[in-house]
Amino acid sequence: MMVKIAALVGAILMLNACTQESTVSEASAADTEQAQTLRIAAAANLSDVLPKIIAGYKKDNNLPVQNIYDIDVTYASSGKLYAQIIAGAPYDIFLSANQEFPAKFADTSAQGVTFHEPFTYAQGQLALYSVTKPLAERSPTALTERLMSDTTAKITIANPKLAPYGASAKSYLQAQKIYNTLEQQKRLIQAENIGQAFQYVHTGNVDYGFVAQSQLTAINAKPEQFITLAPASYPAILQDGIVIGDSAMATDFSDYLLSTAGQQHFLQAGYLTAQ
């Protein structure tokens, strides 16, 4: 009887040891998987082009589609993402729609946080879009007259305080000397980010919208639905990124953004090449 009890105790101890070992192995695997996940905070205007760039990056580097080399992307306005990062959100790369937020992070980053110098990866283009009112005007003067004469029309721009495309749209309207008038007439509809601005106008909830050219390229918008504004008519939308931390994969991916292959994706998507 004592032999049977000893054998039973031994079996239980062996099972417990195996269970602990299995738990440790699974935890180690989970830690490895988490360490290999690249976390990107990306401006909302990149939601069309970035998935293609990620697919190209994985293909060119012979990486599996998922598993331990996964890439997680969070899209939002640049200002909102910046606030999250300052608050400690664990991103490896911040791809902003302007140069201001990455530079502010580099200047005010908490002591002990590792980061690389900001880099310019693309230049965005601003466009006026409408699905309800065909746009035949091509000159700034004619376009301004259209926006002012259509007194019942609503116009959307992204939040200028958070979204660089919204800031450029505001500057464009101010240069045309119509921004204050549109505000007084309560005809400006402010969206949280450029993605939301696009949805407002694309669904016909507003008549006109200042959006990213890349968004129109992605949907193959008809020529009469948009006008690509001259780059000289608004502040250049130079988009900067910054690598946060010491992830080798983050550095490698940022290099890919600036490579010939990465820049070709941006050109095809309606951006100008990084200067």
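**An open mixed sheet, its helices and two nonpolar cores**

In this predicted model, 5 strands form an open sheet of mixed pairing, arranged in the order 2-1-3-10-4, where strands (DSSP runs of E, at least two residues) and helices (runs of H or I, at least four residues) are numbered from the N terminus, and two strands pair if DSSP finds at least two bridges between them. Strand 2 (71-76) and strand 4 (119-124) are the edge strands, each of which pairs on one side only, and from one strand to the next the twist averages 20°. Strand 1 (residues 38-43) runs parallel to strand 2 and is joined to strand 2 by 6 bridges, and Arg39 has Asp72 in strand 2 as its bridge partner. Residues are numbered from 1 along each chain as its sequence is written. Because the model is predicted, local features need pLDDT of at least 70 and side-chain atom pairs count only at pLDDT 80 or more, while totals for chains, interfaces and linings use all residues, and side-chain values use heavy atoms, with hydrogens and water left out.

Two helices lie across parts of the sheet. Helix 3 (residues 78-86) lies across strand 1, strand 2 and strand 3 (93-95), running at about 140° to strand 1, whereas helix 4 (residues 100-108) lies across strand 3 and strand 10 (237-243), at about 35° to strand 10; axes here are lines fitted to C-alpha atoms, for helices over the stretch in contact, and angles run from 0 to 180 degrees between N-to-C directions.

The largest nonpolar core, a set of buried Ala, Val, Leu, Ile, Met, Phe, Trp, Tyr and Cys residues joined through side-chain atoms within 4.5 Å, has 56 residues, of which Leu173, Phe210 and Phe253 touch the most other members. Helix 10 (residues 248-258) gives the most to this core, with 5 residues. A second, separate core of 12 residues includes Tyr82, Phe94, Ala106 and Ile244.

In helix 11 (residues 260-268), the buried residues (under 20% relative accessible area, with exposed meaning over 50% and partly exposed in between, for a 1.4 Å probe and protein chains only) are Gly262, Gln263 and Phe266. Seen down the axis of helix 11, these residues fall within an arc of 95°, so they line one face of the helix, the arc being that of the directions from the helix axis to the C-beta atoms. They pack against helix 2 (50-60), strand 4 and helix 10, contact meaning heavy atoms within 4.5 Å, while the face turned away from the buried side carries the exposed residues Thr260 and Gln268.
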